[in-house]
Amino acid sequence: MICNKCDYIHYINPKIIVGAVISYKKKILLCKRAIEPQKGFWTIPAGYLEENETTEEGALREIFEESGAKPKITALLAVYSLKHISQIQIIYKANVESDSLDPGEETEEARFFSWETIPWQDIAFPSVKWALNHFNEVRSKILFAPYSNP
C-alpha cells in the first residue's frame, strides 16, 4: 500500500517466529500454553522475533520468557515457511545443563518429556510435531551451527 500524499510504502510482511527444541539428558522441553491460540496444548518455547534482535537472541528471549530455561543454542534445526498464515518459523536445536524451570505468564506448565511420553495428541501446532520429529531424527548428528557474532 502506497500513500497518495507522501509516497510512503506500507509493507505487509510475514511474521518471523523463533524458538528451539531443547534437550536435557535425553528429554525434551515442552510448554503448555496459557494463552490462545491453542490454550492448554503443548508446544516448544517459541514466539515472535522483535525488532533489533538476531534470530538467536529472539529465540533465547522467548525460551526464557516461556520456560525460565537458559539454554545454549547448538545448531539450526529447521526453517518452516507457512504461507497460509504468513509465517516464517526458525527453529534451533539447543540444550540446557539443568532441569530448573520457571514458566512465565504465557505458560501454564513447563516440563521435560522423554520421547515415549510426549503428549502427541495435545501438541498445539503441526510445525511443533515436525520440529520434534526432525529433532529426533538428527538428535546425535552434527548440524549447521548458528552464526556467532564475534
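Helices and strands here are DSSP runs, a helix having at least four residues and a strand at least two, numbered from the N terminus. By that reckoning, P37 sits in the loop between β2 and β3, where β3 covers 42–43. What you're looking at is a predicted model, and its chain carries 2 helices and 7 strands.

**Overall build**

- Walk along the sequence and you meet the elements in the order β-β-β-β-α-β-β-β-α.
- The radius of gyration is 16 Å and the globule rule gives 15 Å for 150 residues, so the chain is as compact as a globular protein of that length.
- Lay the C-alpha trace along its principal axes and it spans about 60 × 40 × 25 Å.
- Take the contacts between residues at least 6 apart in sequence: 66% of them join residues at least 24 apart.

**Surface and charge**

- Buried residues make up 41% of the 150 in the chain.
- The accessible surface comes to about 9500 Å², and carbon and sulfur atoms account for 53% of that.
- On the charge side, there are 17 positive and 20 negative side chains.
- The centres of those two charge sets lie 7 Å apart.

**The nonpolar cores**

- The largest nonpolar core is a set of 18 residues, and V21, L30, I44, L77 and L132 have the most contacts inside it.
- Three elements each supply at least two residues of this core: β2 (27–33), β5 (72–82) and α2 (126–138).
- Of the contributors, α2 gives the most, with 5 residues.
- There's also a second, separate core, made of 16 residues, with L29, I63, A69 and V96 among them.
- Back in the largest core, L30 is worth clicking on: leaving aside neighbours within four places in sequence, its contacts include W42, T43 and I44.
- Other contacts of L30 come from further along the chain, including E109, A110, R111 and F113, as well as I118, P119, I123 and L132.

**R61, a buried arginine**

- You'll find R61 in helix α1, which runs over residues 55–67.
- Is R61 buried or exposed? Its relative accessibility is 16%, and since the cut-off for buried is under 20%, R61 counts as buried.
- Setting aside neighbours within four places in sequence, R61 is in contact with Y48, L49, E50 and E53.
- R61 and G19 are 42 residues apart along the chain, yet their C-alpha atoms are separated by 9.0 Å.

**Backbone spots to check**

- E36 and P37 are joined by a cis peptide bond, with omega at about 0°.
- K26 isn't a glycine, but it has a positive phi of about 65°.
- That residue, K26, lies in the loop between β1 (15–24) and β2.
- K26 has a relative accessibility of 70%, and because exposed means over 50%, K26 counts as exposed.
- N52 is another non-glycine with a positive phi, again about 65°.
- The loop that holds N52 runs between β4 (46–48) and α1.
- N52 is exposed too, with a relative accessible area of 81%.

Methods: Residues are numbered from 1 along each chain as its sequence is written. This is a predicted model: local features need pLDDT of at least 70, side-chain atom pairs count only at pLDDT 80 or more; totals for chains, interfaces and linings use all residues. Side-chain values use heavy atoms; hydrogens and water are left out. The radius of gyration is taken over C-alpha atoms; the globule rule is 2.2 Å times the number of residues to the power 0.38. Buried means under 20% relative accessible area, exposed over 50%, partly exposed in between (1.4 Å probe, protein chains only). Contact means heavy atoms within 4.5 Å. Accessible areas come from the Shrake-Rupley method with a 1.4 Å probe; for residues, only the protein chains shown count as cover. Lys and Arg count as positive and Asp and Glu as negative; His and the chain ends are not counted. The place of a charge is taken as NZ of Lys, CZ of Arg, CG of Asp or CD of Glu. A nonpolar core is a set of buried Ala, Val, Leu, Ile, Met, Phe, Trp, Tyr and Cys residues joined through side-chain atoms within 4.5 Å.
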